Amino acid sequence: MATVYPDWAGLPQEMVATVMEALGIPDLLRAGAVCSSWHAACSAARRVRFPITDASPCLLYSARGDNDGEDDAGAATLYSPSSGAAFRVRLPDPPLRRRALVGSAHGWVATADEESNLHLVNPLTGAQLALPHVTTLHHIESSLDEQGSLMYGVQESEDLDDPDDPVRYPAEKLRLFLYYKVVMSCSPSKGKDCIVLLVHRPDGEISFARIDDGQWTQITDQTLKWVSGYRDALYNKKDGLFYVLSFDGSMLTLDLSDPSSPVAKDILPRAIPWNDPIKDIMLTPSGDLLQVWRLKEIKQSATPVDVPMGAAHELDDPYKVSRITEFFVYKVDIDKQDLVKLSSIGEHALFLGYNSAVCLHTKDFPELNPDSAYVTDGFDEEMCANKHNFREIGIWDFKTESLHGLGEVQSRNPWLNWPAPIWITPSLL
């Protein structure tokens, strides 16, 4: 007797649509490849579930409830400034509101849990990977206090011959100060091909690990002229090097292709003797290196921040707000060992924050504002100490030198201040 195969393409469209609406986003997109009728149903469901039409960054944040009042601590909202669309995804445990967001690249977000351990998570697929335990960093050890609560002792002295006593932090508090930024060489889905570079306290030291490594490896003075002082980094896939930016504008490259023997090379001398600007480094679509500095100052808001129930003790001043006052953009001229100040970034749009900085040409993304920077809060110890304070999120116009809002997204999908919102370019890989 001939085998009879089910006619999946002949299922009623209403039934297919019902199934599609219940699928997770990865399964939804795979189901759309089965046949033409399923593709049509997938396209209709996708417009609602995944309403993004391009590969520009989205703002990922936690929101308090949706239109019908439902509140899900594990849910994240993704808002696309390019399309104006917003949709929700759900992160695996621990819930989003119990994480700190300390980096993003290649569609993955770097998060720190309530014990200050790092995890990489893809919000679309739900994939999650644990990075080495925080106590495998060279300067951190754990203990219990008198109540049996987990504590960390952090050696913050750089003088190994005469170290100070370790500074003790409750486990949950350490993540507010420890992580400056997490940088990934490629998608963590590529396993050990992915190198994770960690810029961390004290004062911007650097450690790294490959996916599945058991511990962090510190980059020491055997490799670096200065062990600390670093603020940001990027990975350039064209030459396989990390480019690392220091607080004073100086730069170096790091070759980590042989983990047992890192190689550093200074490529730019110091530019300023002071530490005030938040500094980001990025590549333009044409391959130029940019440094972007932003000056901020602490001001008092006319209205207090809406503090979550039970979190009032975590807030010193509900009126405190950090505001951008100036932006500086420099093109890095490695050959001349110099920074060239730019008055405009032309037809480009920047995305800055805890994410690995992104520079896009607006001819490819016409809905984005040219000569602008889409900004969220980056590492700022003042703001980290007040995690529920106002977050500055908006579009900096380089022509008018002013910050504008992101349209109606905040009124339609209001975000919470914790965890701090972050830019992410969604990916299923």
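**Close-up views of two pockets and a small sheet**

**View 1. The second largest pocket and its lining.** In this predicted model, 23 residues line the second largest pocket, and those nearest its centre are Asp-276, Pro-277, Ile-278, Phe-379 and Asp-380. Which elements give two or more residues to this lining? They are β11, β15, β19, β20 (289-300) and α5 (381-384). Strand β20 provides the largest share, with five residues. The space in this pocket comes to about 470 Å³.

**View 2. What kinds of residues line the second largest pocket.** Let us sort the lining by class. Twelve of the residues lining the second largest pocket are charged, seven are nonpolar and four are polar. Asp-276 and Asp-380, two of the residues nearest the centre, are a good place to start looking.

**View 3. The largest pocket and the residues at its centre.** Now turn to the largest pocket, whose volume is about 1,200 Å³. How many residues line the largest pocket? The lining has 41 residues, and His-106, Tyr-235, Lys-237, Leu-283 and Ala-357 lie nearest the centre. By class, this lining contains 22 nonpolar, 13 polar and six charged residues.

**View 4. Strands around the largest pocket.** Six strands each bring at least two residues to the lining of the largest pocket: β4 (100-105), β11 (179-184), β15 (230-236), β19 (278-283), β24 (358-361) and β28 (422-424). Which strand supplies the largest share of this lining? That is β15, with five residues. You may recognise β11, β15 and β19 from View 1, where they are among the elements that give two or more residues to the lining of the second largest pocket.

**View 5. A three-stranded open sheet.** Here three strands are arranged in the order β8-β9-β10, with antiparallel pairing, to make an open sheet. Which strands are at the edges? They are β8 (140-144) and β10 (167-170), each of which pairs on one side only. On average, and ignoring direction, neighbouring strands of this sheet are turned by 30 degrees against each other.

**View 6. The pairing of β8 with β9, and a helix across the sheet.** Five bridges join β8 and β9 (residues 150-154), which pair in the antiparallel sense. To find your way along this pair, look for Ser-143, which stands opposite Met-151 in β9. Helix α4 (residues 171-178) lies across β8, β9 and β10. How is α4 angled relative to β10, and at what value? The helix runs at about 115 degrees to β10.

Definitions and conventions:
Residues numbered from 1 in each chain as written. Predicted model: local features only at pLDDT ≥ 70, side-chain atom pairs only at ≥ 80, totals over all residues. Heavy atoms only, no water. 1 Å grid on protein atoms, 1.4 Å probe; cavity = no way out; pocket = protein on both sides within 12 Å on 5 of 7 lines; lining within 4 Å. Points joined across faces, edges and corners; volume = space filled by probe spheres on them. Helix = DSSP H or I, 4+ residues; strand = E, 2+ residues; numbered from the N terminus. Nonpolar A, V, L, I, M, F, W, Y, C, P; charged D, E, K, R; others polar. Pairing = 2+ DSSP bridges. Axes fitted to C-alpha atoms, helices over the stretch in contact; angles between N-to-C directions. Contact = heavy atoms within 4.5 Å.
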